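Open the model in your viewer and keep the selection box handy. We will go from the inside to the surface, one stop at a time.

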Amino acid sequence: CVPSHENKKASAQYYDFDVDRDRGLRLSSLLGLTTSLDCNLLLNELVARGVPTIVAPEVSDLHNLLLAELDPLQMCEKAKPLLARLQETYPQYIPALKKTICVQLLGQLGEVYTAMQMGALQKLAAGIVNMQEMEKLIVEAVRNNHIQVRLDFQTNTVRFGDDGVEYDDIRYQINTLSNN
């Protein structure tokens, strides 16, 4: 449930880095590794040791859904029953899992589409998050450079990818116009 997209700068306000580093070092020593772990390295190590085959089926299915499948139109629909089963035994992980699912969904949609209606995104994410929560996640993920998505409220669309306009370019053009 640790979001692989979360960066240290954004989470600095919530976590004590010394504690996180110590935990990472302890976990590394338990696994017999010589380096400190990050999320991707930990996932790779757990897969290499066969952990997904011995965990609860819903955990294994969610792992496969997030890391192996590319089906953004069905991702949330497939995740809902898995989250419902996990809610019973691991309720503390559900908010982080929902966030991870949404960022993964946006990343996969960005690989397939250049734009989509906000209503369509709302339908895809229904049961996981509402549109207000999704907008908040998009802003956070874009701010931390995890995805490239723009919300266009005039046309009610979500645009994926880099549209070629950078904020520095806009700032330069506005500054140039104001000086003339």
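Start with the largest nonpolar core, which has 33 residues. Select Leu62, Ile101, Leu105, Leu121, Ile128 and Met134, the residues with the most contacts inside this core. A nonpolar core here is a set of buried Ala, Val, Leu, Ile, Met, Phe, Trp, Tyr and Cys residues joined through side-chain atoms within 4.5 Å. Buried means under 20% relative accessible area, exposed means over 50%, and partly exposed lies in between (1.4 Å probe, protein chains only). Now colour by element: H4, H5, H6, helix H7 (118-125), H8 and E3 each supply at least two residues of the core. Helix H6 gives the largest share, 8 residues. Helices (H or I, at least four residues) and strands (E, at least two) are DSSP runs, numbered from the N terminus. In soluble globular proteins, nonpolar side chains tend to be buried together.

A word on what you are looking at: this is a predicted model, in which local features need pLDDT of at least 70 and side-chain atom pairs count only at pLDDT 80 or more, while totals for chains, interfaces and linings use all residues. Residues are numbered from 1 along each chain as its sequence is written, and side-chain values use heavy atoms, with hydrogens and water left out.

**Stop 1: around Leu121**

Which residues does Leu121 contact, leaving aside neighbours within four places in sequence? Show Leu105, Leu106, Leu109, Met116, Met131, Met134, Ile138 and Val158 to see them. Contact means heavy atoms within 4.5 Å.

**Stop 2: helix H4, inside and outside**

Select residues 57-67, which make up helix H4. Glu58, Ser60, Leu62, Leu65 and Leu66 are buried in this helix. The cover over the buried residues of H4 includes helix H5 (75-89) and helix H6 (94-112).

Val59 also lies in H4, but Val59 counts as partly exposed because its relative accessibility is 31%. Add Ile54, Val55, Tyr90 and Tyr93 to Val59, and you have a nonpolar surface patch of about 440 Å². Patches are made of residues with over 30% relative accessible area and no salt bridge; nonpolar side chains (Val, Leu, Ile, Met, Phe, Trp, Tyr) are joined within 5 Å, and like charges within 9 Å. The areas come from the Shrake-Rupley method with a 1.4 Å probe, and for residues only the protein chains shown count as cover.

**Stop 3: salt bridges**

How many salt bridges does the structure hold? There are 6, each a side-chain nitrogen of Lys or Arg within 4 Å of a carboxyl oxygen of Asp or Glu.

Begin with Asp71 and Lys78, whose side chains meet in a salt bridge at 3.6 Å, N to O. Add Glu69, and you see a network of salt bridges linking Glu69, Asp71 and Lys78. Asp71 is partly exposed at 26% relative accessibility, and Lys78 is partly exposed at 35%.

Next, pick Glu77 and Lys80, a salt bridge of 3.1 Å, N to O. Both residues lie in helix H5, 3 residues apart, about one turn of the helix. An α-helix has 3.6 residues a turn, so residues three or four places apart point the same way.

**Stop 4: Lys99 in helix H6**

Is Lys99 buried or exposed? Lys99 lies in helix H6 and counts as buried because its relative accessibility is 19%. Show Glu140 too: a polar contact of 2.6 Å joins the two side chains, Lys99 and Glu140. A polar contact is a pair of N or O atoms within 3.5 Å; within protein, one must be able to donate a hydrogen and the other to accept it, and residues adjacent in sequence count only if both atoms are side-chain atoms.

**Stop 5: strand E3 and its surroundings**

Thr157 is found in strand E3 and is buried, with a relative accessible area of 7%. The side chain of Thr157 makes a polar contact of 2.8 Å with the side chain of Thr155. Not counting residues up to four places away in sequence, Thr157 touches Met116, Gln117, Met118, Arg150, Leu151 and Asp152. Keep Asp152 selected and add Arg159: these two form a salt bridge, with the closest N and O atoms 3.8 Å apart.

**Last stop: two asparagines**

Asn156, in the loop between E2 and strand E3 (157-160), has a positive phi near 60°. Asn145 has a positive phi of about 60° although it is not a glycine, and Asn145 is exposed, with a relative accessible area of 69%. Most residues other than glycine have a negative phi.
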